[in-house]
Amino acid sequence: MAIKGVTGSSVNLADALQKKVLRLDGAMGTQIQGYGLTEDDFRQDAFVDTAVPLKGNNECLNLTRPDVIAAVHEAYIAAGADIIETNTFSANRISQKEYGLEAHAREMALAGARIAREGADKSP
């Protein structure tokens, strides 16, 4: 979770809520669908040899299309979101095992957190 205007690793949510009502972002997956991405977008150079179809494994996009994930965050921030969530819902070894990408789960999670943090840090 990243809160715009709040930097550092320690965020006191209770203090932020004392100052104002905080607005959260919305559905990441629904917004990603609006981009009409193809299987190639989920693979790029990172996952060319993966035998299983990856379309729909949105955490791959943290590595293959970080521009799309950043654009979703930016759109939510522009719409007034104070808090944005990372694109890391399935960035864990258990979920990624279905795609044979469990070894990439940590990398996906870190990239998702970095993209969200950068988006929050750029916001006014």
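Trainee: How many salt bridges does a search of the whole structure find?

Mentor: The search finds eight salt bridges, and please keep in mind that this is a predicted model.

Trainee: Why is the pair of aspartate 82 and arginine 23 called a salt bridge?

Mentor: The closest N and O atoms of aspartate 82 and arginine 23 are 3.5 Å apart, and because the cut-off is within 4 Å, the pair counts as a salt bridge. Aspartate 82 sits in the loop between helix 5 and strand 2, while arginine 23 sits in the loop between helix 1 and helix 2, so that the pair links distant parts of the chain, 59 residues apart.

Trainee: What makes aspartate 82 buried, and what makes arginine 23 partly exposed?

Mentor: Aspartate 82 has a relative accessible area of 3%, and since buried means under 20%, that residue is called buried. Arginine 23 has 45% relative accessibility, which falls between 20% and 50%, and therefore arginine 23 counts as partly exposed.

Trainee: How do you know that glutamate 74 and lysine 122 form a salt bridge, and which helices do they lie in?

Mentor: Their closest N and O atoms are 3.1 Å apart, which is within the 4 Å cut-off. Glutamate 74 lies in helix 5 and lysine 122 in helix 7, so the pair ties together parts that are 48 residues apart in sequence.

Trainee: Why is lysine 122 called exposed?

Mentor: Lysine 122 has a relative accessible area of 62%, and because exposed means over 50%, the word applies. Glutamate 74, with 36%, is partly exposed.

Conventions. Residues numbered from 1 in each chain as written. Predicted model: local features only at pLDDT ≥ 70, side-chain atom pairs only at ≥ 80, totals over all residues. Heavy atoms only, no water. Salt bridge = Lys/Arg side-chain N within 4 Å of Asp/Glu carboxyl O. Helix = DSSP H or I, 4+ residues; strand = E, 2+ residues; numbered from the N terminus. Buried < 20%, exposed > 50% of the residue type's maximum accessible area, 1.4 Å probe, protein only.
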